[in-house]
Amino acid sequence: MIENDNRNVPEEERAVKGLESIIDNYDLSRYELSPEEKAREEMIRQRIRDRRRAAERRRIKRNRTLALIVAVVLVFILCRGCYASYRKKRDEKQAKAKATESKVVKPTVHEEDTDSSQDEQQPEVGHKIQNVDGLTYVDGILIVNKTYPLPRDYAPGISTAAQAAFDDMTAAAFNDGLYLYVNSGYRSYDEQYMLYYNYALSRGVAEADRVSSRPGHSEHQSGLCFDVNSTDFSFSDTAEARWLAAHCADYGFIIRFPKGKEAITGYEYESWHIRYVGVDIAKEITSKGLCLEEYLGVTSNYDDSPDGVSQQQLAEEMGVTVDDPNGGTETDAESEDSAYYDEGYESQVQ
Ligand code: ZN
């Protein structure tokens with residue numbers, strides 16, 4: 001085997017050397033490119049590079065577009081999720097509000113009024129009662145009476161709508177030869193407090209409750225009512241009072257404490273005290289012969305009020321007495337407007 005190899009080596013070497021010499025003698029210059037060919041080649045290379053770059057740019061662009069689509073889809077899914085949960089919460093909230101509303105409405109029609117003769121006119125259950133920042137709205141109408149107080153800091157001044165309606169009304173009355181004017185409009189909580197307190201101090205809380213409204217419970221604090229001309233009971237016999245009763249609804253006002261509704265409104269008949277509720281509602285209430293409490297299905301009673309305290313408790317809080325400290329005579333009048341009583345009271349004092 002070894003001998004055989006030794007014999008073959010020189011042959012292979014020869015073959016390799018022969019090939020090498022062929023390569024050495026090969027004229028490579030024949031394959032060198034001419035300048036034109038070189039330029040062409042360079043141009044082709046450049047084209048290839050350009051194509052590669054373009055392809056790379058397209059790839060980046062495609063990826064960007066894909067990423068954008070994914071992001072948009074993600075945001076869309078996220079938003080849908082958020083909106084769904086928001087809607088769910090809102091629906092739950094509304095359902096809850098409805099539930100509490102119906103809870104609140106039911107007890108507002110009190111049996112207390114069933115012994116009055118107005119049973120057939122009692123509104124049905126189903127009024128919408130809302131409490132907004134301490135103000136009570138029934139079917140969208142602000143209610144202020146013995147049951148429903150206003151917050152101490154509620155000081156809106158006179159309503160511009162009520163004032164405009166009043167001005168229109170006085171102009172119409174003037175055309176009919178009658179002169180209507182504001183005796184008393186807006187009254188602040190503190191003003192009402194002082195009015196009430198002065199009565200309570202000199203005549204006792206029991207008497208003060210008869211002639212005046214407790215602070216927070218006067219409709220005058222709402223800025224939606226007026227005392228017209230005179231706050232004396234004799235006003236009801238005047239042409240002005242008759243005109244007012246006949247026409248005030250046309251301007252959006254109601255006689256707030258009508259005759260015959262004393263047990264429901266909690267106040268004596270006041271021919272001078274008008275409340276603005278808007279024309280449609282005023283006409284409806286007046287034509288049906290209702291008072292506002294009946295129309296809204298609510299009571300007017302300090303015992304039903306959230307801040308309702310007994311006369312004894314109120315007297316202690318105010319540092320006054322329940323009964324007349326001088327043992328004076330009582331009057332039967334129970335009024336929202338202590339103003340009317342001023343004249344009578346002062347004449348008594350003098
Ligand atoms: Zn009044």
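A salt bridge here is a side-chain nitrogen of Lys or Arg within 4 Å of a carboxyl oxygen of Asp or Glu. By this rule the count comes to 15 salt bridges. Before we visit some of them, a word on the model. The model is predicted, so local features need pLDDT of at least 70 and side-chain atom pairs count only at pLDDT 80 or more, while totals for chains, interfaces and linings use all residues. Residues are numbered from 1 along each chain as its sequence is written, and side-chain values use heavy atoms, with hydrogens and water left out.

Let us start with helix H2, which covers residues 35-108; helices (H or I, at least four residues) and strands (E, at least two) are DSSP runs, numbered from the N terminus. Arg59 and Glu56 form a salt bridge, with 2.9 Å between the closest N and O atoms. The two residues are three apart in helix H2, which means that about one helical turn separates them. How accessible is this pair? We call a residue buried under 20% relative accessible area, exposed over 50% and partly exposed in between (1.4 Å probe, protein chains only). Arg59 is partly exposed at 38%, and Glu56 is partly exposed at 36%.

Further along H2 you will find Val73, which is partly exposed at 41% relative accessibility. Val73 belongs to a nonpolar surface patch with Ile69, Phe76 and Ile77, and together they have about 390 Å² of accessible area. Areas come from the Shrake-Rupley method with a 1.4 Å probe, where for residues only the protein chains shown count as cover. Patches are made of residues with over 30% relative accessible area and no salt bridge, joining like charges within 9 Å and nonpolar side chains (Val, Leu, Ile, Met, Phe, Trp, Tyr) within 5 Å.

Now turn to a salt bridge with buried partners. Arg187 pairs with Asp227, the closest N and O atoms being 3.6 Å apart. Arg187 lies in the loop between strand S4 (182-184) and H4, and Asp227 in strand S5 (residues 225-228), so the bridge ties together parts that are 40 residues apart in sequence. Arg187 is buried at 6% relative accessible area, and Asp227 is buried at 0%. Another bridge joins the side chains of Arg214 and Asp209 (2.7 Å, N to O), and both residues are buried. Arg203, Glu207, Arg210 and Asp324 are joined into one network by salt bridges that share partners.

Arg214 has a second contact worth a look: its charged end sits over the ring of Tyr302, 4.1 Å from the ring centre. A charge sits over a ring if NZ of Lys or CZ of Arg is within 6 Å of the ring centre and within 35 degrees of the ring normal. Lys146 does this too, with its charged end 4.7 Å from the centre of the Tyr267 ring.

Tyr267 brings us to the aromatic pairs, of which the structure holds eight. The rings of Phe257 and Tyr267 have centres 4.9 Å apart and planes at 65°, so this pair is edge-to-face. Rings of Phe, Tyr and Trp (its six-membered ring) pair if their centres lie within 6.5 Å, with planes under 30 degrees apart counted as stacked, over 60 as edge-to-face and the rest as tilted. Phe257 is in strand S6 (residues 253-257), whereas Tyr267 is in the loop between helix H7 (262-265) and strand S7 (270-276), 10 residues apart. Phe257 is buried at 1% relative accessibility, and Tyr267 is buried at 2%. Elsewhere, Phe166, Phe226, Phe253 and Tyr276 form one aromatic cluster.

Next comes helix H4 (residues 189-203), whose 15 residues reach 21 Å from first C-alpha to last, close to the expected 21 Å; the expected span is 1.5 Å times one less than the number of residues. Its buried residues include Tyr189, Gln192, Tyr196 and Arg203. After H4 comes Gly204, with a positive phi near 95°. Which residue lies 4.7 Å from Gly204, C-alpha to C-alpha, although 118 residues away in sequence? The partner is Val322, found in the loop between helix H10 (311-318) and helix H11 (338-349) and buried at 17% relative accessibility.

Finally, consider the backbone. Most residues other than glycine have a negative phi. Asp139, though not a glycine, has a positive phi of about 50°; Asp139 sits in the loop between strand S2 (135-138) and strand S3 (141-142) and is partly exposed at 39%. Asn229, also not a glycine, has a positive phi of about 60°. Asn229 is in the loop between S5 and helix H6 (239-247) and is buried at 7%.
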